[in-house]
Every structure is written in C-alpha cells, then in structure tokens.
Amino acid sequence: MKIKITDGMGDKNETEIEIDEISGTELLKKLGISIFEGTIIKNGTIVRESEILTSQDDVKILKMIHGG
C-alpha cells in the first residue's frame, strides 16, 4: 500500500507498507502520527479513522500544522 503524506504546504513524502487492509487508526499508529495530527483522505474524500483502507485505495495523510 502506497501512502502519500503531506503537510499541505508543499512538503510531500511517499511511503509504502506491506499490507493489504488496515484501519485508518492502525495506519496512523504504524506511521507514528497521532489521530489529532493527521487527516486521512481516501480516494479524494476525507474519512474517519475507523475507515478500512485497502491497497486498492489512493491514500493520503494530511498532517496538521499547529503552534503559535
């Protein structure tokens, strides 16, 4: 499964994990991203962390930028 990770400001990274199916929550854990820091986009649509993602899906993680 290929996963695109971006911060929305031009910083993009692509990673690949060997898995056919995983929940959004487990994927974020595997990538070391808190559910409060990442939004999952599946096939162009924002989905909940409970959504099941497969290797057939186009998966992007949008990391939130925060601070003050």
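Let's start with strands E4 and E7. E4 covers residues 38-42, and E7 covers residues 59-63. They run antiparallel, joined by 5 bridges. In this pairing, Ile40 of E4 faces its partner in E7: Ile40 stands opposite Ile61. Keep in mind that this is a predicted model.

Now the other side of E7. Here the neighbour is E1, and the two run parallel. 4 bridges hold this pair. Lys4 stands opposite Lys60 in E7.

Next, E1 and E2. These strands run antiparallel, with 5 bridges between them. Ile3 stands opposite Thr15 in E2. The pair forms a hairpin, and 5 residues lie between the strands. Look at Gly8 in that turn: its phi is positive, about 80 degrees.

Put the pieces together. What is the order of the strands in the sheet? It reads E2-E1-E7-E4-E5. That is 5 strands in an open sheet, with mixed pairing. Which strands stand at the edges? E2, residues 12-16, and E5, residues 45-47. Each has a single partner strand, so one side of each is left without a neighbour in the sheet. As for twist, neighbouring strands are turned by 30 degrees against each other on average, direction ignored.

Last, the helix. H1 spans residues 24-31 and packs on this sheet. Which strands does H1 touch? E1, at residues 2-6, plus E2, E4 and E7. The direction of H1 makes about 60 degrees with that of E7.

One reminder for when you look at the strands on screen. In a regular strand, side chains alternate between the two faces of the sheet.

Notes
Residues numbered from 1 in each chain as written. Predicted model: local features only at pLDDT ≥ 70, side-chain atom pairs only at ≥ 80, totals over all residues. Heavy atoms only, no water. Pairing = 2+ DSSP bridges. Axes fitted to C-alpha atoms, helices over the stretch in contact; angles between N-to-C directions. Contact = heavy atoms within 4.5 Å.
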